[in-house]
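Reader: I am new to this structure and should like to understand the terms used for it. Please set each term against its definition as we proceed.

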Amino acid sequence: MSKKKIIIINGPNLNLLGKREPEIYGHQTFEQYFEVLKDKYSDRVDLVYFQSNHEGFLIDKIHEIGFSYDGIVLNAGAFTHTSIALADAIAGVKTPVVEVHISNVHKREEFRHHSYISKNSIGIIIGFGLRGYDFAIQTYL
Ligand code: DQA
């Protein structure tokens, strides 16, 4: 059987994982965790990682892979709560999206409670730390 093509897309400030507010987001860098995920699923998944702090670059990437990949695991960071353009990008492509948040956004500030991404996602994984990305990959297998 051919491998699934899955991309993890991280939005703004998630390049700082490991350094950024570790009491909320933990001590591991995403690059370290990505290697763990790649190894774990190497027999079944072609796993790719993309991160950008720029809304337009995230949209361009979704357009680029959104008709050929099997899955998009998306943590849009703060754009989750602001970006109609990202929501439209997800609605406009064929590849299904699983929305991930490392922290439990519902335990945090009110402005984090609304997501523009959720409506166009097949599911949402919130509050399980970096393991949420692992759970999201499993939903495509
Ligand atoms: C986040 C939650 C967002 O509210 C925040 O802006 C982030 C990270 C999370 O993974 O918990 O940057 O998406």
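Author: Val-98 has Gly-123 as its bridge partner in S5. Before going further, I should say that this is a predicted model, in which local features need pLDDT of at least 70, side-chain atom pairs count only at pLDDT 80 or more, and totals for chains, interfaces and linings use all residues. Residues are numbered from 1 along each chain as its sequence is written, and side-chain values use heavy atoms, with hydrogens and water left out.

Reader: What makes S4 and S5 a pair?

Author: Two strands pair if DSSP finds at least two bridges between them. S4 and strand S5 (residues 123-126) are joined in the parallel sense over four bridges, so they pair. Strands are DSSP runs (E, at least two residues) and helices likewise (H or I, at least four), numbered from the N terminus.

Reader: How do you know that S3 pairs with S4?

Author: Three bridges join strand S3 (residues 71-75) to S4, and so the requirement of at least two is met. The two strands run parallel, and Leu-74 stands opposite Glu-99 in S4. The chain passes from S3 through helix H4 (residues 84-92) to S4 in a right-handed β-α-β crossover. Right-handed means that, with the strands pointing away from the viewer, the path from the first strand over the helix to the second runs clockwise.

Reader: Why are S2 and S5 said to stand at the edges?

Author: The open sheet has five strands in the order S2-S1-S3-S4-S5, with parallel pairing. S2 and S5 each have a single partner strand, so one side of each is without a neighbour in the sheet. S1 and S2 pair over seven bridges, and Ile-8 has Tyr-49 as its bridge partner in S2.

Reader: What makes S4 mostly covered?

Author: Five of its five residues are buried, that is, under 20% relative accessible area (exposed is over 50%, partly exposed in between; 1.4 Å probe, protein chains only). Val-97, Glu-99 and His-101 lie on one side of S4, and Val-98 and Val-100 on the other.

Reader: Which residues touch the most other members of the largest nonpolar core?

Author: They are Ile-8, Phe-30, Leu-37, Leu-47, Val-73, Tyr-133 and Ile-137, in a core of 22 residues. A nonpolar core is a set of buried Ala, Val, Leu, Ile, Met, Phe, Trp, Tyr and Cys residues joined through side-chain atoms within 4.5 Å. Strand S1 (4-10), helix H2 (30-40), strand S2 (45-51), strand S4 (97-101) and helix H5 (131-138) each give two or more residues to this core, and H2 gives the most, with four.

Reader: Why is the link between Lys-40 and Asp-134 called a salt bridge?

Author: A salt bridge is a side-chain nitrogen of Lys or Arg within 4 Å of a carboxyl oxygen of Asp or Glu. The closest N and O atoms of Lys-40 and Asp-134 are 2.7 Å apart, so the pair qualifies. Lys-40 is in helix H2 and Asp-134 in helix H5, 94 residues apart.

Reader: Are these two partners buried or partly exposed?

Author: Asp-134, at 9% relative accessibility, is under 20% and therefore buried. Lys-40 has a relative accessible area of 43%, which lies between the two cut-offs, so Lys-40 is partly exposed.

Reader: How do you know that Arg-20 and Glu-21 form a salt bridge?

Author: Their side chains meet at 3.9 Å, N to O, so the 4 Å limit is satisfied. Arg-20 counts as buried at 18% relative accessibility, whereas Glu-21 counts as partly exposed at 35%.
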